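Please look through the structure shown here with its confidence in mind before turning to its architecture. The paragraphs that follow take up confidence, then overall make-up, then one sheet and the cores.

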Amino acid sequence: MEAKQSETKTPKVFRGNNKSSIIQVIMNSNMLEVHTTLPEGVTVSETKYGNGLFATKKFPKDSVMFEPEYFEVEEQDFDYVVFIKDPNNGNKTYRIECNSIVNGVYIGNNIRQIFPFTGLTNHSCEANCWPISEDKEKKTFVGVATRDINAGEEITMDYFNFDWDCSDRLIENCQCNSSFCLGRVDGFKYLPIEEKKKRINLVADDILIEWVNECGWNPENPADNLTRECVIYDVLQNFCPPGIEIIENNDFNLVATKFFPKNTLVLSNKSVFVPENIIIIVRVGATNKWLDTNDLCVKRGNSLLEYFGFDSFMERSNDPNVKIVYRSDNSYEKISIKDIYPGEKLTCSNEGFPPLEIAEVLTHSKSEYNK
Ligand SMILES: [Zn+2]
């Protein structure tokens, strides 16, 4: 990335790992200096965009390429200098002028992350390195090879996966040469829905949280939800009642973890009424899933869908082991109609849902979605 001239001064506040042996951050004549050492197999070299990272050895697909530390600052626009020692090149030290906007990542809340050497990584819409946030306490992340990378290849990352809004360091005309190239690189926020969907298991948690902050579903203003991008991010495993868990087996399924005799309560749940344009992202374990609302929610009229939270994943069957009994417009129980043993999938039929008209007279603004 090319350095840009900054108008503001150096940062006063930084948060990082003070005992780090990998990076040192010092102030020298009012200029922030960052000293770091490259890991094995990675070097810095010139590209058409300025500096970039290059592999000096082969990295097989899925291997960890590096586990660098970073630090956080509260100042937003400042220049700094990185001194990078390169053990892959006779311990030569590169002096590289950087800028916090160009080389750092804004994560919201006035916090910008500075990555001593990976901040030089260029973007590709078909990147070969995937950064996974590893330890927010120690401030490290893991860079994983998304395919085999050969010695001499440039190492690239997909900025859309960790930048909510990078229009302040806009790439107007990406030249990554990928057949998936999007041209303009301005952050996850601006991606079309289909592109967001593709990245749902690659994008950093911080970005999903920022998405909900800006585009979250507002139960108090149903009309507003219908006219804009509207999202729910639901972390489900915490809400499963005792005796039930969600397992991932190609798809998600609900499975009994204890014995439910015939005619006993398996679960009670409250559904919520959501606008039909809603995007629902659910998380189970480490997997994010873009919920197929056509399939897993029920149409209830008035442009509303009924969303069942963890119970979205109860499989439908012609020979079900539970039945659904509504107690009110949006609360229901599921009762076993057979003995159910631990490890068995819970299944229900398509019958038992209240008629459409019930939802149409509901006052939606009193929705009970309150996670
Ligand atoms: Zn591109």
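The term pLDDT denotes the predictor's confidence in each residue, on a scale from 0 to 100. This is a predicted model, in which local features need pLDDT of at least 70 and side-chain atom pairs count only at pLDDT 80 or more, while totals for chains, interfaces and linings use all residues. Residues are numbered from 1 along each chain as its sequence is written. The chain averages a pLDDT of 86, and 89% of the residues score at least 70. Over residues 2–10, however, pLDDT stays under 50, and the model has 23 contacts for them beyond four places in sequence, a contact being a pair of residues whose C-beta atoms, placed from the backbone, lie within 7 Å. Residues 358–371 likewise have a pLDDT below 50, with 25 contacts in the model beyond near neighbours in sequence.

The chain holds six helices and 28 strands, where helices (H or I, at least four residues) and strands (E, at least two) are DSSP runs numbered from the N terminus. Among these elements, the highest mean pLDDT, 97, belongs to strand 15 (residues 154–157), and the lowest, 49, to helix 6 (residues 356–360). Of the contacts in the chain with a separation of 6 or more, 70% are accounted for by residues 24 or more positions apart.

One open sheet is formed by four strands in the order 2-3-8-9, with mixed pairing; two strands pair if DSSP finds at least two bridges between them. Its edge strands, each pairing on one side only, are strand 2 (23–28) and strand 9 (92–99). Strand 3 (residues 31–37) pairs with strand 8 in the parallel sense over six bridges, and T37 stands opposite K85 in strand 8.

Strand 8 (residues 79–86) also gives the most, three residues, to the largest nonpolar core. That core has 36 residues, and those with the most contacts inside it are V42, Y80, V82, I84, I155, Y159 and I207. A nonpolar core is a set of buried Ala, Val, Leu, Ile, Met, Phe, Trp, Tyr and Cys residues joined through C-beta atoms within 7 Å, and a residue is buried if 20 or more other C-beta atoms, placed from the backbone, lie within 10 Å of its own. Not counting residues up to four places away in sequence, Y80 touches M31, L32, V34, C98 and S100. Apart from the largest core lies another of 16 residues, including I246, Y332, I340 and C348. Buried residues make up 32% of the 371 residues in the chain.

Key:
Buried ≥ 20, exposed ≤ 12 C-beta atoms within 10 Å, placed from the backbone. Contact = placed C-beta atoms within 7 Å.
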